[in-house]
Amino acid sequence: MHLLNLGILAHVDAGKTSLTERLLYTAGVIDEIGSVDAGSTTTDTLALERRRGITIKSAVVSFPLAGVTVNLIDTPGHPDFIAEVERVLGVLDGAVLVVSAVEGVQAQTRVLMRTLRRLGIPTLVFVNKIDRRGARDAAVLRQMAQRLAVPLVPMGTAAGLGTRAARFVPDLGPAALEALADRDDDLLAAYLDGGVPEGRLRRSLTAQTRGASVHPVYFGSAVTGAGVPELIGGIERLLPTAPGDPGGRLSGTVFKVERGPAGEKVAYARLFSGTLRVRDRIPFGDGRRGAGGEGRVTALTVFDRGTDSRADRVGAGRIVKVWGLGGVRTGDALGAPGRSCEHHFAPPTLETVVVPGPGTDRRSLHLALTQLAEQDPLIGVRHDERRGETSVSLYGEVQKEVVQATLAEEYGLDVAFRETTTLCVERPSGTGHAVEFNKKDANPFLATVGLRVDPAPPGSGVAFRREVELGSMPYAFFKAVEDTVRETLGQGLHGWEVTDCTVTMTHCGYSPRQSHAHQGFDKSMSSTGHDFRGLTPLVLVEALRQAGTLVHEPMHRFRLEAPADTLGALLPVLARLGAVPESTGTQAAAWVLEGTVPAARVHGLEQRLPGLTRGEGELETAFDHYAPVTGGTVPRRPRTDHNPLNRKEYLLNVTRRTGE
């Protein structure tokens, strides 16, 4: 049986979920097409999704074609839920990118296509809504070629645009031949020799599409069904089926976690290799967090013809729901790591404090937010014991509204939020080293720890190394140091997460297990994990002090299109907002500016733009990089730990003594 794990991706309101409904109806899986407006779609199962008419969580549904079984994954389109899309990309064999024939290419369309290209995922393009007033075909095709800057192969044209009778007319014309010949020397030679047989043209189309070199474009309407049969034919013939060896070593990736009726965790996973069986005991975890565990599979479910059914064993290539892995989190690998462990999109750059409403228990709120973070690890939860506050990191205001509604509907918790602030990071500006020795000076812990901090390239994250012999002390003590290093780096000298650095353990030592005659283990004379967990933050922050850190703020890349006569008013405002235009150009009667702007100023630019451009300006922004904060006061973030920056305060909190 051939399998294809297919993602449907698009900008919000392009018609993804409607297309999913039409595909299921055409394949005979459902008898009636659901409506997004009526809240009756197959894949939008959450009450909040049905009420708001947007997809928030990815959903899987299966349908059969003539030669392949498709596991179709409907993903959110709103930028605030880009993390949900990120997790899906790592489990796909192919994708359909939906573009509206009315609105054309949007900011999210560009982000998605760039990522699909970077990951080499074979992708078809479906230009939807050709039946709507204002629909365009040739103009949208030109816009896609310009703004997406990818090789496109028109699979035909649209007729009757803007009417209920609009239809797709299949035709591999000269534009398709030109796009394919540019990347196929044999095809080009045949063309120059006098002609290309249609069979030869279609073989080249299949090979180049499966290699993600070109992207076939179909026109149609999810509402009327126009162009959908041709799209289904393209899915079946042009996209590659799932690879994988069922007899190989188990390797899979968890891309979604939800809670079952009894509160149990249910993991959605793609298997890349091996076979998973009920009662198997398997390892799972995320190497980037240094976390993991082991669990026994108690039940398996696979997707089949619009529903799911129990299975005793599931082989490579399938998407499966797994019960029994109590500690599993979204992004974890099952068995050997899969291919989707890396982040493909930007991290969240906003943070807000969750304020409990009247009668809301803080402990219940913290537990609920922790469970939400299990489903979406990029919703970072920070709890400040001293202030009694809990913060969450987010992508935008819509996501904040969804978190608020989810807490109210699923947990019965009434909350509000403080003003959203920008999340910065810290990076070491040099090298620093510190060490404290067991039973020397003012070290109250029975441990020796030496750490060196070195800067690393941007985007590399945190690496932990050892320059000491692994056998020089129990492994549990090394693990305690590494885990505590990663935890401590969550709050640097200015309170922000420290990233892009290498921490090397340079010294270690411990007091061996001691006991008195006829008595048990004497903790006052023997090192424990507590000693290493307690000492490591003091050593690490001293090494950070020696190295120094720079606070970096998130920067967005912007593309601004505005009437040419408004440029004089725009440029001073951009300068005051800290935006740096890097290139300008003209497009028809408009100026196009591209550059960078601090993330904290994007909202202000969005508010000012309509007044400065007579409502004609178009702005696209997306996270690009972190840059050092320049000018003004360096932003600080309140600490939520025992504050190892203040040795006396830290020791009072950790050991209940001054250390003097």
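The protein has 16 helices and 34 strands. The model is a predicted one. Of its 660 residues, 54% count as buried. The exposed surface comes to about 28800 Å², and carbon and sulfur atoms supply 49% of that area. Contacts often span long stretches of sequence: among those between residues at least 6 apart, 72% join residues at least 24 apart.

**A four-stranded sheet with two helices**

One open sheet holds 4 strands in the order β26-β27-β30-β28, and its pairing is mixed. Its edges are β26 (432–436) and β28 (462–466), each of which pairs on one side only. Neighbouring strands in this sheet are turned by 15° against each other on average, direction ignored. Helix α12 (residues 475–488) packs on the sheet and touches β27, β28 and β30. The direction of α12 makes about 155° with that of β28. Helix α13 (residues 529–547) lies across β26, β27 and β30. The angle between α13 and β27 is about 35°.

Inside the sheet, β27 (residues 447–455) and β30 (residues 501–510) run antiparallel and are joined by 9 bridges. V453 stands opposite V503 in β30.

**Antiparallel pairs compared**

Strands of a sheet pair through backbone hydrogen bonds, either parallel or antiparallel. The table lists antiparallel pairs from this model.

| Strand | Partner strand | Bridges | Residues facing each other |
|---|---|---|---|
| β27 (residues 447–455) | β30 (residues 501–510) | 9 bridges | V453 and V503 |
| β10 (residues 251–259) | β11 (residues 265–273) | 8 bridges | S251 and S273 |
| β10 (residues 251–259) | β19 (residues 333–335) | 2 bridges | T253 and A333 |
| β31 (residues 549–563) | β33 (residues 590–598) | 9 bridges | E561 and V592 |

**Strand β10 and its partners**

Strand β10 is mostly covered, with 7 of its 9 residues buried. Strand β11 is joined to β10 by 8 bridges. These two strands form a hairpin with 5 residues between them. G263 in this hairpin takes a positive phi near 85°. Strand β10 also pairs with β19, through 2 bridges. There, T253 has A333 as its bridge partner.

**Strand β33 and the surroundings of E620**

Why is strand β33 largely enclosed by the rest of the structure? Of its 9 residues, 7 are buried, so the strand is largely enclosed. Strand β31 runs antiparallel to β33 and is joined to it by 9 bridges. In this pair, E561 stands opposite V592.

E620 is found in strand β34 (residues 618–628). Is E620 buried or exposed? Its relative accessibility is 12%, and buried means under 20%, so E620 counts as buried. Leaving aside residues up to four places away in sequence, E620 touches Q106, A107, R110, R147, R557, F558 and R559. One of these contacts is R559. E620 and R559 are 61 residues apart in sequence, yet their C-alpha atoms are 5.1 Å apart in space.

**A nonpolar patch on the surface**

L188, Y191 and L192 make a nonpolar surface patch of about 310 Å². L192 lies in helix α7 (residues 185–192). The relative accessible area of L192 is 63%, and exposed means over 50%, so L192 counts as exposed. E620, by contrast, is buried.

Methods:
Residues are numbered from 1 along each chain as its sequence is written. This is a predicted model: local features need pLDDT of at least 70, side-chain atom pairs count only at pLDDT 80 or more; totals for chains, interfaces and linings use all residues. Side-chain values use heavy atoms; hydrogens and water are left out. Two strands pair if DSSP finds at least two bridges between them. Axes are lines fitted to C-alpha atoms, for helices over the stretch in contact, and angles run from 0 to 180 degrees between N-to-C directions. Contact means heavy atoms within 4.5 Å. Patches are made of residues with over 30% relative accessible area and no salt bridge: like charges are joined within 9 Å, nonpolar side chains (Val, Leu, Ile, Met, Phe, Trp, Tyr) within 5 Å. Accessible areas come from the Shrake-Rupley method with a 1.4 Å probe; for residues, only the protein chains shown count as cover. A salt bridge is a side-chain nitrogen of Lys or Arg within 4 Å of a carboxyl oxygen of Asp or Glu. Buried means under 20% relative accessible area, exposed over 50%, partly exposed in between (1.4 Å probe, protein chains only).
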